[in-house]
Amino acid sequence: MVMIQQDVAKASGGSNKAAEEQKRSGTCPVDLKEAVTSIVFAAPRCADIPELVDIRKHFTAKYGKEFITSALELRPDSGVSRQVSV
């Protein structure tokens with residue numbers, strides 16, 4: 001869980017720029033992909049943190065079901081951090 005918090009903190013530095021890029025393209029910005037997919041992957045495994053499920057729902061609405069399924073299934077191109085998926 002600490003790894004996820006560190007990923008989010010690291011990624012949030014450029015969040016304004018990333019948010020604008022996401023609005024234009026409708027895809028997850030490259031600099032946020034690892035943090036977003038790691039949160040999505042961890043959400044069902046951290047049942048004691050219900051906010052992660054809510055966040056996953058928001059990411060599903062923003063980036064689509066295929067993006068979320070890729071992270072949940074740990075597909076090779078999903079971007080989930082190896083530290084989280086071990």
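Q: Where is Leu74 found?
A: Let's start with a spot in this predicted model that is easy to pass over. Leu74 has a positive phi of about 55° although it is not a glycine. As for its place in the chain, Leu74 lies in the loop between helix 5 and helix 6 (82-85).

Q: Is Leu74 buried, partly exposed or exposed?
A: Buried means under 20% relative accessible area and exposed means over 50%, with partly exposed in between. The value for Leu74 is 36%, so Leu74 counts as partly exposed.

Q: What pattern does the protein follow along the sequence?
A: A good step back is to look at the whole chain. The protein has 6 helices and 0 strands. Read along the sequence, the pattern is α-α-α-α-α-α.

Q: Among contacts between residues at least 6 apart in sequence, what percentage join residues at least 24 apart?
A: The protein has 86 residues, and buried residues make up 34% of them. Of the contacts between residues at least 6 apart in sequence, the part that joins residues at least 24 apart is 62%.

Q: Which helix gives the largest share of the largest nonpolar core?
A: This core has 17 residues, and Cys28, Val36, Val40, Phe59, Tyr63 and Phe67 touch the most other members. The elements that give two or more residues to the core are helix 3 (30-42), helix 4 (50-63) and helix 5 (65-72). The largest share is 6 residues, and it comes from helix 3.

Q: Which residues does Val40 touch, not counting those up to four places away in sequence?
A: Val40 is one of the core residues that touch the most other members. Setting aside residues up to four places away in sequence, its partners are Arg56, Phe59, Ile68, Ala71 and Leu72.

Q: How are helix 3 and helix 5 placed relative to each other: roughly parallel, roughly antiparallel, oblique or roughly perpendicular?
A: Their axes are 8 Å apart, and the helices pack at an angle of about 70°. Angles from 65 to 115 degrees count as roughly perpendicular. Helix 3 and helix 5 are therefore roughly perpendicular.

Q: How many nonpolar residues does the contact of helix 3 with helix 5 have?
A: Helix 3 brings Lys33, Val36, Thr37, Val40 and Phe41 to this contact, while helix 5 brings Phe67, Ile68, Ala71 and Leu72. By class, there is 1 charged residue and 1 polar residue, and the number of nonpolar residues is 7.

Q: How many charged residues are in the contact of helix 4 with helix 5?
A: These two helices pack at an angle of about 130°, with axes 7 Å apart, which means that helix 4 is oblique to helix 5. Arg56, Phe59, Thr60 and Tyr63 of helix 4 meet Lys65, Phe67, Ile68 and Leu72 of helix 5. By class, 5 of the residues are nonpolar and 1 is polar, and the number of charged residues is 2.

Q: Which residues is Ser70 in contact with, leaving aside its neighbours within four places in sequence?
A: Ser70 sits in helix 5. Its relative accessible area is 10%, so Ser70 is buried. Leaving aside neighbours within four places in sequence, its contacts are Arg75, Asp77 and Ser78.

Q: How many disulfides does the structure hold?
A: Cys28 is buried at 12% relative accessibility. Cys46 is also buried, with a relative accessible area of 15%. As for disulfides, the number in the structure is 0.

Notes: Residues are numbered from 1 along each chain as its sequence is written. This is a predicted model: local features need pLDDT of at least 70, side-chain atom pairs count only at pLDDT 80 or more; totals for chains, interfaces and linings use all residues. Side-chain values use heavy atoms; hydrogens and water are left out. A nonpolar core is a set of buried Ala, Val, Leu, Ile, Met, Phe, Trp, Tyr and Cys residues joined through side-chain atoms within 4.5 Å. Buried means under 20% relative accessible area, exposed over 50%, partly exposed in between (1.4 Å probe, protein chains only). Helices (H or I, at least four residues) and strands (E, at least two) are DSSP runs, numbered from the N terminus. Contact means heavy atoms within 4.5 Å. Axes are lines fitted to C-alpha atoms, for helices over the stretch in contact, and angles run from 0 to 180 degrees between N-to-C directions. Angles under 35 degrees count as roughly parallel, over 145 as roughly antiparallel, 65 to 115 as roughly perpendicular and the rest as oblique. Ala, Val, Leu, Ile, Met, Phe, Trp, Tyr, Cys and Pro count as nonpolar, Asp, Glu, Lys and Arg as charged, and the others, Gly among them, as polar. A disulfide is a pair of cysteine sulfur atoms within 2.5 Å.
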